[in-house]
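The following exercises ask you to reason from a structure to its charged pairs, its interior and one of its helices. Please work through each task before reading the solution beneath it.

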Amino acid sequence: MPAPPDHPARDATVEELKALAHPLRWRILRLCWDRALTNKELSDRLGVAPATVLRHVRALVKQDFLAAEPVRSGTRGALERPYRATGRTWRLGLVDVEGEGLARQVDLAMLAAHRAEVLEAGPNANRETARGTLRLGAASQAELNARMIALITEFVERDEADGEPLSYLWSLVARPER
């Protein structure tokens, strides 16, 4: 799959936030990024009932985060529909427009999905982790975020066919004052 589409930066709608507020949906999006997967394949990979996966897939399709690909024949000749991530989450701002706390739910869903990936990968899969604290004004925060997005974009665009599939999470959070 090529680098994410060149979607302009924009804030998510309430409906999009609701669709992204569950960790399983983020895992489905990540799994369907490298290749199209069917509901059954997702169910097997995630260890979740097919009906549960289908409910989440439908929510993602409805908001165009997943796209259905043409029906294909499965290994036993049954017809199956694969789904592929569209990249619409790329550069999507998570802002609570109606004060429902949805942006926070999406943040927590992303963290939970990343945690699940870390656990699934096993104890020897860690590549790099850094955690620290900063004290930055608004302008410096905006600069840091812009530079991180530019750096991540540069590496995403490389999409090395023989490269190892990796998961990353960039998060900057305000911490309580001492």
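**Exercise 1.** Does Glu143 count as buried, partly exposed or exposed? Then find its salt-bridge partner and place both residues in the fold.

*Solution.* The model is a predicted one. Because partly exposed covers the range between 20% and 50% relative accessible area, Glu143, at 43% relative accessibility, counts as partly exposed. Its partner is Arg147, and the closest N and O atoms of this salt bridge are 3.1 Å apart. Both residues belong to helix α6, where four residues, about one turn of the helix, separate them. Arg147 is itself exposed, since its relative accessible area is 58%.

**Exercise 2.** Check whether the length of helix α6 agrees with its number of residues.

*Solution.* Helix α6 comprises the 21 residues 138-158, which at 1.5 Å a residue should span 30 Å. The C-alpha atoms at its ends lie 31 Å apart, so the two values agree. Just after α6, Asp159 adopts a positive phi of about 35°.

**Exercise 3.** Which charged side chain is nearest to the buried Arg84, and what does the Arg84 side chain reach instead of a salt-bridge partner?

*Solution.* Begin with the location: Arg84 sits in strand β6, residues 82-85. The nearest side chain of opposite charge is Glu69, at 4.7 Å, and because a salt bridge requires a nitrogen-to-oxygen distance within 4 Å, Arg84 has none. Its side chain does, however, reach the backbone oxygen of Asp34 at 3.5 Å.

Key:
Residues numbered from 1 in each chain as written. Predicted model: local features only at pLDDT ≥ 70, side-chain atom pairs only at ≥ 80, totals over all residues. Heavy atoms only, no water. Helix = DSSP H or I, 4+ residues; strand = E, 2+ residues; numbered from the N terminus. Buried < 20%, exposed > 50% of the residue type's maximum accessible area, 1.4 Å probe, protein only. Lys, Arg positive; Asp, Glu negative; His and termini not counted. Polar contact = N/O pair within 3.5 Å; in protein donor to acceptor, adjacent residues only side chain to side chain. Expected span 1.5 Å × (residues − 1).
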